[in-house]
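Thanks for coming. I have one structure to show, and I will keep to a few parts of it. Please have a look at it first.

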Amino acid sequence: MTRAATPMLAIRDLVVTVDGKQILNGLTLEVAAGEVHAIMGPNGSGKSTLAHVLAGRPGYEVTAGSVSYQGRDLLALAPEERARAGVFLGFQYPVEIPGVNNVYLLKAALNAVRKARGLPEVDAFDFLGLVREKMQVMQIDESFLSRGVNEGFSGGEKKRNEILQMLVLEPRLAVLDETDSGLDIDALKIVAAGVNSLRSPERSCLVVTHYQRLLEYVVPDVVHVLVRGRIARSGDRTLAIELERRGYDWVSGEAA
Amino acid sequence: MSEGAKQLESLIGRGYAQGFVTEIDSDTVAPGLDEDVVRLISRKKREPAFLTEWRLKALRHWLTMKEPHWAHVRFPPIDYQAISYYSAPRSRKDGPKSLAEVDPKLLETYEKLGVPLHERARLAGVAVDAVFDSVSVATTFKERLAAAGVVFLPFSEAVRTHPELIEQYLGSVVPYTDNFFATLNSAVFSDGSFVYVPQGVRCPMELSTYFRINALNTGQFERTLIIADAGSHVSYLEGCSAPQRDENQLHAAVVELIALDDAHIKYSTVQNWYPGDAQGVGGIYNFVTKRGECRGRNAHISWTQVETGSAITWKYPSCVLRGAGSRGEFYSVATVNNHQQADTGTKMIHIGRDTRSTIISKGISAGHGQNTYRGLVKMLPSAHGARNFTQCDSLLMGGQCGAHTFPYVEAKNPTATVEHEASTSKISDDQLFYCLARGICAEDAVNLIVSGFCKSVFKELPMEFAVEAQKLLAVSLEGAVG
Amino acid sequence: MASPLTARIAEQHASVARTLAARLPGAARRRLAMETLARTGLPGSRDENWKYANLRPLERASFTPAALTPPAAGADAAVAAALPPRLADFMRYVFVDGVFAPLLSDAPGTGAARVTSLAARGDAADAGPAVPAPRHEPGADQRFALLNEAFATDGAAIEVTAAPEAARLELLFVASAEAQLGASYPRVELKLGPAGRLVLVERHLSAAGAASFVTSAVSAELARGAALDHYRVQELSSRAIAFDTLAATLAQEASYRLHAVGSGAAACRSTLGVRLAGEHARVALAVAALGDRTQVQDAYALIEHLAPHTRTAQTFRGISAARARVAFNGKIVVARDAHGSDSRQSLRGLLAGPEAEIDVRPQLEIYTDDVRCSHGATAGKLDDNMLFYLLSRGLERDSALRALKWAFLEDVIATIEVPELRRQVEERLAGAMQDGAALREELI
């Protein structure tokens, strides 16, 4: 594998506190373009914190370290600037926004991203065509278009909606925060198919997950185990299987 | 009438277990109120001049005020000139130096009430100040508290030993002009408790005051002042009862709490004044002003109350959240049965930035009882990032009672958030049936469901009180379902 | 004990009584209303249910009906210009300063809905008293309705009988007079017979940005099984002051839906009283209010459940920007006999300005145990999680905020089932919300 001169994402010695409590304790991680990395770890190890910090969620205070995205200082960007620059966060718990409909959000988001890339606004007809096509991939019902964002969606529908948004926005770096949680096996396959359809040499993906189940369908290039806010161990696909077999105590014990 | 119903009837008759009278010789001032009476009270207590003056200012102001009637309660006019404003057991000239000097009849009274004053008693973790009519008759654990630097004294004694603290803090949270009943209290208050917890001290035990009205035609006007200095911590419990009498008696107390930087005051009340009989005759008018001020950064004041007694309850334990990051809490269970009325709730005044408040109120109405929650949450323009959450539920038992919810939300800061939720319903038939189908009798089932309904408040009470509160609740609701 | 304000009103009333009598019968009824008002006085800010209203402008207002002073030159053109586009299938009736304007209106209908100008009806012999004697109850505050009744010179009397199609009426009240010169007293007396159905649009507008004083009164009686869909749009000029009173009584199985959207006036106070007097009667109140600059938008709604199995759904959404105050006080009373009643209240206020104020009071007064009542109230800013979600999808902060504000009002706006009216209301709101016009295009 030849590495590009600039990695897609380079995190160095990142320290993050939330509500005065230090969650990430000097995390270092590098993801090259085209790679899929999985972040695994026990509850409370800082997986979701990492995902939220990358998306720029307020309340997550970076006290040390750096994050560079395609060579730019990611931490200097506002959340919306990150999104437009091609960073996408698939939320673990997507919020419901009654009254703002899905089409509006998708269109506004797509146009914001296109504008940032110097592309013209998408034509309404083309837009609907695009969305319908992606909806088919994600097996999402037509009625979805007129509903409020995530309003009254089941857990599985919310997750599929996240991936639909990702397919429409075509990010460079997708961070998927426990997208597999709460999904049955059929939904999991649909979500995995969506993620895989986006894999390409220009795109990278950080898959945050508690179980290795999703990784059977979205096969990662690298697996990292996060323990107490740091990468305790990295390896290839087999590490995830090993973890499943031996449990997190195995790595936690080592890290202590 | 079924056997079960008969049993219920007898239970109701038995209802108020604290309704006995203690035969004791009292020094009671003749009914009526004027400047001479105020001076007399002040002189009897050998108070410093500043306090006499303060009382007189309050009296003069009170004479210009009108009795308030905005609350959702009804009562006939009170003749304030027919009340005696001072009554003390006449067993001694000065306060007792030790328990050995306390009249055995008084000790017996408190034993009967389940409030042991002997320090060897089993409630080893609780220091008690017992107030009988207008005066404190005993305070336990003085020495042990003194060793920790905690001052826990009858108010009338503290006035002599710590006049500078009293002068500095008295009326600083509830000014003598505050409201009709607080102003009256300021003029004529008799005794109560004074607590000062010095900087950084964690009070080694629960402090408790037990109030007892005994004498006929007297009002009780106690005054409690608790000051928690920076970084200190104190938990205070208050209990009360009164004999069963046909006349209504007035109880107009004032409680002021002051919490400085990082200090924590937890104030718990189990209010069981005589509620009147099943026909609504007699009972205490419990018109009380309770307010705490979080004066310092990250100060924390928590009110917990279980209100089962009194003919009428009118009280709103409140928090002024001045210090940045300070917290106010109000947890309340209020029950009304027979002809009881309660208009109670809280005010959370958010002044400082990042202040937080939580209100959990559970109201239970039975018989002909009328239960009102009234609460104000106010976000002032300075309260950046402040938050409130209020949950307010009412349970109705029987078609003759009332449950009312009157919240006020006033927000003047765009970064502050206020959330209020309320529900009103009767005991769910499904829940009741579920219990019955499991072999639990109706009365127990109701108690079970009601306890569950109140659980989020009971868990805020110190252990001994939680048990007592649960029992009181069961007694006060006896006969509510048949 | 009359206050100086009440004394001044009584004085003005006395001085115009003769002229009023010449215009309209019912002098005795007006006199009775004035006498009652003199006794009760108008509300003051110390009154518990009026503490959030702005009552100060009353001190400067003239209470003489504007209709009694000659109109200014060019007034007609200004009125015509103020009228919004017509709604398809709606009969339109226009009132200028409370007085019927036949030239701007359709001919009084002869179908299921009979519309009569109160003044015209007065001309007919033996018309009898238009409304029952003024009512003053502690709950439903009728004091401004008394003021209206004492001075109103005209108004609309509407009677609706059962028909296959619901009748559709649009009442436009245009205020053109300046408050120093005279007040406008719009008045609607509504009677829906058994199974009568009506869609009513009641709209208050200003001609040429007039700073008018408007005191309107609407009464509605719904007989058994009647259904009223009532749209109320208050878009007076930003200099106007408005006090309105609405009293509705519902018989068995009657249904009343009120959709009110207020964005106009410098100070507006709505007092709504609904009595659910018959079994299974139900009311749905959806109220939206927008305050900007130093506007005060205050509403009080009292709903009384007086019969078994009655239902209430109440929704309020208020946005307060700049230095405005938006207040809503919703009180539900369930009487002892009203077992099986159900009420839900959802009152939410949004603070969108550094010095804005939101006051919400959901109140429950319940006298029977067989009920299900719940309410929720919030005051605060837009939800941080929602905002972050939109930002994380690349939306500009401003558009994200506007989208969320719009969504906030949606719970009320979505209840408007007359498409053109909804569009007109949305346009007005979009204009009222900074830079909102473009947003509306995006959203719809």
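I will go through chain A, then a helix in chain C, then the contact between chains C and B. Keep in mind that this is a predicted model.

Chain A has 8 helices and 12 strands. Its C-alpha trace spans about 55 × 40 × 40 Å along the principal axes. Is that chain a compact globule, or is it spread out? A compact globule of 256 residues would have a radius of gyration near 18 Å, and chain A has 18 Å, so the two agree. Of its 256 residues, 45% count as buried. If we take contacts in chain A between residues at least 6 apart in sequence, 72% join residues at least 24 apart.

Now chain C, and helix α1, residues 4–23. At 1.5 Å a residue, its 20 residues should span 28 Å, and the end C-alpha atoms are indeed 28 Å apart. There is a bend in α1(C) of about 50 degrees, at A17(C). Which residues of α1(C) are buried? They include I9(C), H13(C) and L20(C). The buried residues of this helix pack against α2 (27–40) and α5 (143–151) of chain C.

Last, the contact between chains C and B. Chain C gives 35 residues and chain B gives 31. On the chain C side, the elements giving two or more residues are β18 (341–351), β19 (357–366) and β20 (371–380). That side divides into 14 nonpolar, 10 polar and 11 charged residues. Strand β20(C) also pairs with β23 (residues 417–426) of chain B, antiparallel, over 8 bridges. In one bridge, H375(C) is the partner of A422(B).

Key: Residues numbered from 1 in each chain as written. Chains lettered and ligands numbered in written order. Predicted model: local features only at pLDDT ≥ 70, side-chain atom pairs only at ≥ 80, totals over all residues. Helix = DSSP H or I, 4+ residues; strand = E, 2+ residues; numbered from the N terminus. Expected span 1.5 Å × (residues − 1). Bend = angle between axes of the 7 residues up to and from the residue. Buried ≥ 20, exposed ≤ 12 C-beta atoms within 10 Å, placed from the backbone. Contact = placed C-beta atoms within 7 Å. Nonpolar A, V, L, I, M, F, W, Y, C, P; charged D, E, K, R; others polar. Pairing = 2+ DSSP bridges. Rg over C-alpha atoms; globule rule 2.2 N^0.38 Å.
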